[in-house]
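Ready for a few exercises with the structure open beside you? Try each task yourself before reading its solution.

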Amino acid sequence: MSDLPDLPDLPVTFRPGSTRAVLLTAAVAILVVITAVAMLLKQLSPAERLSFVVTALLLDAVLLLLARPKVVADEDGVTVVNLTNKRRLEWAEILQVTLRPGDPWVFLNLSDGTSLPALGIQPGIAKQRAIADARALRALAEARSVADPERRHG
């Protein structure tokens, strides 16, 4: 383990902080503005006002769903929370952590031959942060995996 510096202390949560802040701010703004418009338009009936607020809440639900992704690493493995699903992985299941130029998020290559997208690390707004997070997760996976190191490809 001493040959792998910069390992974060566990547990650690990776999430797209800037993107999340923008999404949550937009959700609050949408709710406030649409509700205010509904209340200020005097010609609207109570049912129409309610439909404005319900529409704002539906838009907020979508934005909150988009703000959900994260990757949580702890001593026993990794929990990947994407938009609509959550998956728990043991360290040995993760063969490779990749974030290639142009990738929208990190991919975890797994021992069962599949690849799992990890939307919690994405280079959208904060590219350098995503690269650092991907490197940290890769270092953790390499340090903690009991899989054959010859099967990993950089």
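The exercises below go through a predicted model, each with a worked solution.

**Exercise 1. The four-stranded sheet**

Task: Work out in which order the strands of the open sheet follow one another, and which strands are its edges.

Solution:
- Start with the order: the four strands are arranged as β1-β2-β3-β4, with antiparallel pairing.
- Next, look for strands that pair on one side only; these are β1 and β4, the edge strands.
- Now check the twist: on average, neighbouring strands in this sheet are turned by 15 degrees against each other, direction ignored.
- Finally, take one pair in detail. Strand β3 (residues 77–81) is joined to β4 by five bridges in the antiparallel sense, and V80 has R87 of β4 opposite.

**Exercise 2. Strand β6 and its partners**

Task: Find the strands that pair with β6, and say which residues of β6 are on its covered face.

Solution:
- One partner is strand β5 (residues 94–98), which pairs with β6 antiparallel over four bridges. Here T98 has F107 as its bridge partner.
- Another partner is strand β7 (residues 115–118), also antiparallel to β6 and joined to it by four bridges. In this pair L108 is matched with L116.
- For the faces, recall that side chains in a regular strand alternate between the two sides of the sheet. In β6 (residues 106–110), V106, L108 and L110 make up the covered face, while F107 and N109 belong to the uncovered one.
- To finish, follow the chain from β6 into β7: the hairpin has four residues between the strands, and G113 adopts a positive phi near 90 degrees.

**Exercise 3. Salt bridges**

Task: How many salt bridges does the whole structure hold? Describe three of them, including the burial of their residues where you can.

Solution:
- The search of the whole structure gives five salt bridges. The general idea is that side chains of opposite charge can pair when their charged atoms come close.
- Take D112 and R87, whose side chains meet at 3.8 Å, N to O. This pair connects distant parts of the chain, since D112 is in the loop between β6 and β7 and R87 in strand β4 (residues 86–90), 25 residues apart. With 30% relative accessibility, R87 is partly exposed.
- Continue with D103 and R100, a salt bridge of 3.6 Å, N to O. D103 has a relative accessible area of 12%, so this residue is buried; R100, at 51%, counts as exposed.
- End with R129 and D133, whose closest N and O atoms are 3.2 Å apart. The two residues are four apart in helix α3 (residues 127–144), so about one helical turn separates them. R129 is partly exposed at 48% relative accessibility, whereas D133 is buried at 9%.

**Exercise 4. The largest pocket**

Task: Which residues line the largest pocket, and how do they divide by character?

Solution:
- Begin with the space itself, which is about 180 Å³ in the largest pocket.
- List the lining: L99, R100, P101, G102, D103, P123, K127, I131, A134, R135 and R138.
- Sort these residues by character: five are nonpolar, one is polar and five are charged.
- Link back to Exercise 3: R100 and D103 are among the lining residues, and their side chains form a salt bridge with each other.

**Exercise 5. A cis peptide bond**

Task: Where is the proline that follows a cis peptide bond after L10?

Solution:
- The cis bond joins L10 to P11, with omega at about -5 degrees.
- Placing P11 along the chain puts this residue in the segment before β1 (12–14).

Terms used: Residues are numbered from 1 along each chain as its sequence is written. This is a predicted model: local features need pLDDT of at least 70, side-chain atom pairs count only at pLDDT 80 or more; totals for chains, interfaces and linings use all residues. Side-chain values use heavy atoms; hydrogens and water are left out. On a 1 Å grid over the protein atoms alone, a cavity is a set of points where a 1.4 Å probe fits but cannot get out, and a pocket is an open set with protein on both sides within 12 Å along at least five of seven lines; lining residues have an atom within 4 Å of a point. Grid points are joined across faces, edges and corners, and a volume is the space filled by probe spheres set on the points. Ala, Val, Leu, Ile, Met, Phe, Trp, Tyr, Cys and Pro count as nonpolar, Asp, Glu, Lys and Arg as charged, and the others, Gly among them, as polar. Buried means under 20% relative accessible area, exposed over 50%, partly exposed in between (1.4 Å probe, protein chains only). Two strands pair if DSSP finds at least two bridges between them. A salt bridge is a side-chain nitrogen of Lys or Arg within 4 Å of a carboxyl oxygen of Asp or Glu. Axes are lines fitted to C-alpha atoms, for helices over the stretch in contact, and angles run from 0 to 180 degrees between N-to-C directions.
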